[in-house]
Amino acid sequence: MLVYGVKRIGLAVLITALALIMLITTIQFIPGDPAAVLLGPLATPELRQAFRVEMGLDQSVLIQITRFFSRAVTGDLGTDVLTHRPVLLTVAEQAPFTLALIASGIGWAALLGIPLGCFAAMRRGSLADRVIAVLSVSMIAVPSFVIAIYSLLFFCVRLGWFPTIGAGEPGDLGDQLRHLVLPSLAVGLGWVGYLARMVRASMLEVLTENHIRMARAFGLRERTITFRYALKLAIIPTVVLLGIGVGHMISGAVFAEIVFARPGVGRLMYDAVITRNYPVVIGGVMITTAFYVLCTLVADLIAAWLDPRVRSSL
Amino acid sequence: MSAPLSDAVAATPTRANTGRRGGLLRLLSDPMGALGIALVVLVVLGAIFAGVLTSHNPIGMALGERFLPPGALHLLGTDQLGRDLFTRVLYGARIALTVALIATSISFIGGLILGMIAGYGPRWLDSFLLLVFDALRSFPTVMLALALVTLVGPSLSAVVLVVVLATLPGYARVVRAQTMSLKGAEFVLAARALGAPTRRILPVHIMPNLIGPLLILASMDIPVVITIEAGMSFLGLGVRPPTPSWGSILNDGFSFIRESAWPAIAGGLPIVVATLGFTFLGETLRDQFDPRLRKDA
Amino acid sequence: MGAGDILSVDRLSVDFRTADGALHALRDVSLAVPRAEIVGIVGESGCGKSTLINSVIGLLSENAEVSTGRILFNGADLLTMHSDGLTRLRGDRITTIFQDPMTSLNPVLSIGTQMTAIQYRSGLSRSAKRDRAVEFLRKVKIPDPEKRLGQYPHQFSGGMRQRICIAMALLPEPDLLIADEPTTALDATLEVQVIRLLKDLQREIGCSILFISHHLGVVAELCDRVAIMYAGEVVERGTVREIFHDPRHPYTRKLLECDPARIPVATRDLPTIPGDLPNLIEIPMGCIFRPRCPHRFERCIERPEPRRLSGDHLAACHKAELLQFA
């Protein structure tokens with residue numbers, strides 16, 4: 001387990017570093033003058049030159065990369081062009097909203113997806129199983145932003161059940177939860193489908209294994225076999241899948257924040273693109289990417305730990 | 001916005017494939033397959049015959065006719081500038097399918113080449129390519145789109161670029177896995193023993209075995225491509241107005257959602273139809289022709 | 001088949017529905033397991049042993065169909081029993097040991113969890129269940145059982161895992177233990193240990209054992225009675241002495257001839273039985289062994305009923321009385 005953990009962490013660090021390097025390098029390939037493109041036509045030549053120096057765009061790629069990393073390690077990811085505050089701070093302020101959205105999206109996916117998958121596996125071949133299969137595929141297929149807008153239209157504008165704007169009154173948990181329901185559902189619904197399918201496939205595979213046959217031969221109740229014996233084993237790959245799901249949900253969160261006018265990192269970055277707030281965009285991309293890699297890492301480690309065979313090699 | 005299906009697809013064990021009927025009939029015998037084909041045909045025909053099916057101008061404004069509900073003259077109503085939504089949706093289909101075709105082809109070919117190199121070439125090259133692919137996949141797709149559009153500006157090419165970057169690693173990984181297993185196959189070893197050089201083995205012996213699974217993968221990726229294009233256009237990162245893309249129609253509808261619900265519904269409808277149709281089709285194709293393509297994340 | 005039998009299979013026939021038609025896996029199978037005795041079933045792969053076991057413990061697959069027969073356990077017919085009743089018996093009065101110890105135990109649950117879980121009917125307290133588990137681990141000679149109770153299957157060797165399975169199977173002190181080729185996956189030394197263990201524990205607990213194997217030597221050492229199966233039928237059964245010293249069915253005789261342990265002189269060519277197993281979907285007329293039988297004659301077109309040769313010795317062959325083991 002220890003060896004696995006160290007290897008996995010090392011790989012994650014390497015991948016993140018490589019991703020960031022790729023991003024910085026890409027800036028070099030913008031046709032024309034990066035400063036002009038990034039700051040827009042209204043910037044004066046002095047502003048552009050200052051920007052170039054600030055970003056280190058006048059120096060070689062290697063130096064830029066080194067500069068960036070040495071700064072990043074100390075938490076300096078650049079300065080917000082509009083507010084002149086550190087990018088890290090700007091992003092950190094918005095992060096809790098997005099994290100809440102993603103966490104509840106995962107919550108929906110797990111709460112709905114796992115039981116559905118279990119149910120389908122136990123009723124394999126039945127009408128219920130087929131219906132769940134079609135529903136799962138449909139949930140995976142339809143994009144989250146369409147779900148977001150349609151649910152906004154139906155539940156908010158039409159029926160008025162849920163509020164349309166914002167994240168709710170600070171300090172009022174109930175209000176905040178109300179504001180969270182629809183956006184998190186939009187973010188998580190697609191993954192209900194992924195999880196249901198994965199759990200179903202995993203359960204079906206586990207249920208054919210010899211130890212399940214032995215458990216049956218010992219007269220254990222079907223309920224015990226399904227939940228204590230089979231699900232415990234089948235759930236392990238699902239944890240890994242959820243880690244990957246975080247990445248999709250980050251994307252989904254951007255749309256959900258725009259559609260439901262919620263504050264968050266996604267909204268922040270979208271506004272930053274429109275206002276040509278380049279450091280915020282790049283800094284935000286880096287932070288979210290690193291966060292995603294971290295999540296997949298954590299998911300892999302949890303999955304490894306859940307399997308006693310891997311865990312005991314500590 | 002979902003990332004490439006090849007990333008995290010969990011397969012359903014297949015329904016028993018009864019009957020030895022030929023390809024198309026097998027697809028049609030499965031209700032999901034039949035529905036998928038129907039929807040896909042609908043979208044494709046709509047795109048091709050857009051000019052014939054409607055007489056309206058997709059970008060022609062008629063400010064006296066804003067927000068009309070669906071009716072005989074305007075099948076899906078009109079938007080905030082009086083434009084016929086049905087027409088715009090049909091022309092939007094052209095954009096969606098064009099992007100799908102171009103981007104998928106590039107990813108397909110690129111993934112094929114890089115995957116074969118990774119699978120067949122030296123270890124260090126394989127490790128390096130794997131790292132690059134993993135690094136690419138670690139960007140949440142929307143973040144990738146935001147970053148790239150910041151650098152190159154919004155356009156259809158930007159959309160294609162984002163799609164390719166997001167989907168190519170998926171193809172490459174499948175090709176790599178297949179290539180590695182084929183590398184040790186008897187007929188390859190035989191060819192090498194007879195002195196065939198790598199540049200002959202790859203296209204002649206290995207590639208033909210890759211095309212089949214790749215095509216199925218491509219069909220499953222199309223809904224993802226459509227989603228990325230629509231999503232980017234929704235955010236204003238794709239085609240520029242007044243060109244109709246499903247995403248921009250949806251965005252307009254969203255902006256004016258209090259005025260009228262119809263433009264939003266009209267914008268979302270083709271996206272739902274297309275993604276469901278292509279997904280059903282792709283799923284059925286995979287179930288019928290290559291259940292081995294299950295990939296559990 | 002007397003009242004003293006714990007298990008009595010009476011003319012059992014089981015078919016499987018397949019795409020090509022009904023597969024007649026068991027045909028007219030009868031055998032008896034007396035109380036506190038060890039009965040062996042010997043046969044090649046495909047003879048129907050697994051189907052027989054699955055029929056007894058009620059775990060036949062979806063496409064199986066019992067066409068005739070009864071399975072009497074303590075007088076009650078298991079085939080007509082409600083599934084709840086069967087579930088109550090399984091793991092309590094009838095327990096099973098399977099062939100592959102490496103996959104028989106759940107990898108994510110500790111040994112202790114699994115050994116206490118099967119005691120859910122006992123009404124004992126949690127610590128009492130644990131104590132019982134420890135007691136039986138000791139009986140199967142697992143060292144340091146209290147500590148090992150919290151460990152996971154992968155932390156034990158194959159031989160130890162099989163012993164754990166034996167402990168689990170004997171823990172409820174069942175009336176009948178079914179052992180499905182428990183030593184096939186083990187090497188010779190482990191096999192000897194397991195057999196010895198089974199013998200000792202059977203004597204101590206007083207249960208019956210239905211022991212399936214294709215290892216003749218082990219069957220000879222362990223069992224009191226033997227039934228020989230071929231292609232879904234019981235072709236001969238009797239006491240161990242009768243079967244091994246006076247086999248009356250040509251298949252039994254061939255089996256004994258081919259047993260490598262019995263070959264007196266070292267040779268390069270091991271004897272085999274020529275021919276293949278018959279197709280169980282289209283059962284040929286007459287004796288099932290006829291195509292491969294060196295003693296066949298005209299009457300073999302007629303299916304032979306099992307003939308009683310002595311008290312418990314039956315053989316399904318028209319020539320049973322005539323064949324003597326020279």
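In what order do the eight strands of the open sheet in chain C run? The points below take that up, then move outward.

1. **The open sheet.** This is a predicted model. In chain C, eight strands make an open sheet, and their order is E6-E7-E8-E3-E9-E10-E12-E11. Pairing in this sheet is mixed. E6 and strand E11 (307-308) of chain C are the edge strands, each pairing on one side only.

2. **The E6 edge.** E6(C) runs parallel to strand E7 (residues 176-180) of chain C, and four bridges join the two. Within this region, Ile97(C) sits opposite Ala179(C) of E7(C).

3. **Helices across the sheet.** Helix H1 (residues 49-57) of chain C lies across five strands of chain C: strand E3 (38-42), E6, E7, strand E8 (208-213) and strand E9 (225-230). H1(C) runs at about 150 degrees to E7(C). Helix H11 (residues 250-258) of chain C lies across E9 and strand E10 (233-239) of chain C. The angle of H11(C) to E9(C) is about 100 degrees.

4. **The hairpin.** Strand E1 (residues 5-18) and strand E2 (residues 21-34), both of chain C, are antiparallel and share 10 bridges. Two residues separate E1(C) from E2(C) in a hairpin. Val9(C) has Leu31(C) in E2(C) as its bridge partner.

5. **A further partner for E1.** E1(C) also pairs with strand E4 (residues 64-73) of chain C. That pairing is antiparallel, over eight bridges. Here Asp10(C) is bridged to Arg70(C) of E4(C).

6. **Overall shape of chain C.** Chain C holds 11 helices and 12 strands. Its radius of gyration is 21 Å, and the globule rule gives 20 Å for 326 residues; the two are close, so chain C is as compact as a globular protein of that length. The C-alpha trace of chain C spans about 65 × 50 × 40 Å along its principal axes.

7. **Burial and contact range.** Buried residues make up 43% of the 326 in chain C. Take the contacts in chain C between residues at least 6 apart in sequence: 64% of them join residues at least 24 apart.

8. **The contact with chain A.** Chain C gives 23 residues to this contact and chain A gives 17 residues. On the chain C side, helix H2 (83-89), strand E6 (94-97) and helix H3 (101-104) each supply at least two residues. H2(C) has the largest share, three residues. By class, the chain C side has 10 nonpolar, nine polar and four charged residues. E6(C) thus appears in two roles: a supplier of residues to this contact and an edge strand of the sheet.

Note on methods
Residues are numbered from 1 along each chain as its sequence is written. Chains are lettered from A and ligands numbered from 1 in the order in which they are written. This is a predicted model: local features need pLDDT of at least 70, side-chain atom pairs count only at pLDDT 80 or more; totals for chains, interfaces and linings use all residues. Two residues are in contact if their C-beta atoms, placed from the backbone, lie within 7 Å. Ala, Val, Leu, Ile, Met, Phe, Trp, Tyr, Cys and Pro count as nonpolar, Asp, Glu, Lys and Arg as charged, and the others, Gly among them, as polar. Two strands pair if DSSP finds at least two bridges between them. The radius of gyration is taken over C-alpha atoms; the globule rule is 2.2 Å times the number of residues to the power 0.38. A residue is buried if 20 or more other C-beta atoms lie within 10 Å of its own, exposed if 12 or fewer, and partly exposed in between; C-beta atoms are placed from the backbone. Axes are lines fitted to C-alpha atoms, for helices over the stretch in contact, and angles run from 0 to 180 degrees between N-to-C directions.
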